[in-house]
Amino acid sequence: MFNEKWLRKIELQKQSGLYRNPVRIDKREGKFICVDNNTVINFSSNDYLGLSTSSDLKLAASKNFMKYGTSSSSSRLVSANYSVINEAEKKFAAYFGYDDAIFFPSGFQGNQGIVSAILEQDDIAIFDKHLHASSIKGLVLSKCDFVGYKHNSMDHLERKCVHYENKFKVVLTESLFSMDGDFLNVEEFKKLKEKYNFFSVVDEAHSFGVSGPEGRGIAGEVADLAVGTFGKALGFFGAFALLPKKMKEYLFNFSSPLIYTTTLPEAHAATAIEILDIVRKSDDKRSHLHAMCKYMREELQGLKFTVHGDAHILSPEIGDEKLSSEMSKRLLEKGIFVLPARYPTVPLGKSILRISLTALHDKSDIDKFVQAMSEVMKEMGLVTV
Ligand SMILES: Cc1ncc(COP(=O)(O)O)c(C=O)c1O
């Protein structure tokens, strides 16, 4: 029986332009997806290096699943602490420059499981207000005191550090923000970390694989602990956390979302090792992607949008939720798949179109995007020329 109050909540979502109803995708081929029998260009994928449909990775994964089987069939603490998983974790720690690493079934679970375990009552967490929901859920679970600072404002972060000077502090941020697409100011963050001696947790979900030398991310020198996911540039599934010494032992003892879950299969770990090698050798993909991002940003600015984003996530500001939803719908009719980000993913009244570019896009795709966008703006009376 579906309760009346749940029905009312769904209705309210619809009325306020916040209703979520995932588009059904019938088929995917690289940068193309098929929606309602139409093949459209996907600008909403986090497959930044285009690996997830590449033959190299598909072959590696199928070979490993044939070798190891399809499930670990247990939690890590019962009978799934396999050697190949430990070997892969060591390799991830070494590649990204940390003491240790641990795999999680997803980035959401990783953030929630780590944040809720390392903080407790009477600790203070200071977080960027645009931090991903998974870390925020972890803060709520932890029962610690937490306070936000203005997005990417190092001045505001400093004021919070001063306020809580004598407490054990954990500061949480992303390195490349998932919605705004802007980078953490690493230099200023480093100065604050040295001055106020906080423990830092940096979510590098969107930068690992793409940003920094050989895709090693941008926050290595300021993160005590970093979280990455396989589901974006690494073209796979699951997640990894990069840890200081002793933290793995701590998490095995105190992180419920890690303890009470089935471990990713051995085939995942064996494939993860091969992914590192692919990522290391992907400089050509990274520089092509970089060039496409620059081109897209300039073209969007040509359409008079205020565009956020320093890298492969670009977010033209739209504002009204109904407007961004309508634009997305009309773009789809013109062969472009791009979705709006709306409250609560972004603040109310500040919706954006979240464009993510991948190494599979080329200039002609971007030209098609821009052509479709300018037609939509004219149709909707949003431009005067
Ligand atoms: C910044 C950030 N962190 C964590 C996650 C969660 O990662 P996963 O998709 O592996 O659960 C996401 C995914 O949307 C994200 O954008």
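Me: Which strands does helix H12 lie across, and at what angle does H12 run to S15?
Reply: Contact here means heavy atoms within 4.5 Å. Axes are lines fitted to C-alpha atoms, for helices over the stretch in contact, and angles run from 0 to 180 degrees between N-to-C directions. Helices (H or I, at least four residues) and strands (E, at least two) are DSSP runs, numbered from the N terminus. In this structure, helix H12 (residues 321-333) lies across strand S12 (313-319), S14 and S15, and its angle to S15 is about 35 degrees. The model is predicted: local features need pLDDT of at least 70, side-chain atom pairs count only at pLDDT 80 or more, and totals for chains, interfaces and linings use all residues. Residues are numbered from 1 along each chain as its sequence is written, and side-chain values use heavy atoms, with hydrogens and water left out.

Me: What is the strand order of the open sheet that contains S14 and S15?
Reply: Two strands pair if DSSP finds at least two bridges between them. This open sheet has four strands in the order S11-S12-S15-S14, with antiparallel pairing. Strand S11 (307-308) and strand S14 (339-341) are its edge strands, each pairing on one side only. S14 is joined to strand S15 (residues 351-356) by three bridges, and Pro-340 has Leu-353 in S15 as its bridge partner.

Me: How is the open sheet that contains S1 and S13 ordered?
Reply: Its four strands follow the order S1-S2-S3-S13, and the pairing is mixed. Strand S1 (27-29) and strand S13 (336-337) each have a single partner strand, so one side of each has no neighbour in the sheet. Between strand S2 (residues 32-35) and strand S3 (residues 38-42) there are four bridges in the antiparallel sense; Phe-32 has Ile-41 in S3 as its bridge partner.

Me: Where should one look for unusual backbone geometry?
Reply: Most residues other than glycine have a negative phi, and most peptide bonds are trans. Here the peptide bond from Tyr-343 to Pro-344 is cis, with omega near 5 degrees, and Pro-344 sits in the loop between S14 and S15. Ser-73, although not a glycine, has a positive phi of about 65 degrees; Ser-73 is in the loop between helix H2 (55-68) and helix H3 (83-96).

Me: How many residues surround the ligand?
Reply: A residue counts as near if one of its heavy atoms lies within 4 Å. The ligand is surrounded by 13 residues, of which Gly-107, Asp-203, His-206, Thr-229 and Lys-232 are the closest. Helix H4 (residues 107-118) supplies the largest share of this shell, three residues.

Me: Which polar side-chain atom of His-206 or Thr-229 lies by the ligand, and at what distance?
Reply: A polar contact is a pair of N or O atoms within 3.5 Å. A polar side-chain atom of His-206 is 2.7 Å from a ligand oxygen atom, and one of Thr-229 is 2.7 Å from a ligand oxygen atom.

How values were computed: A polar contact is a pair of N or O atoms within 3.5 Å; within protein, one must be able to donate a hydrogen and the other to accept it, and residues adjacent in sequence count only if both atoms are side-chain atoms.
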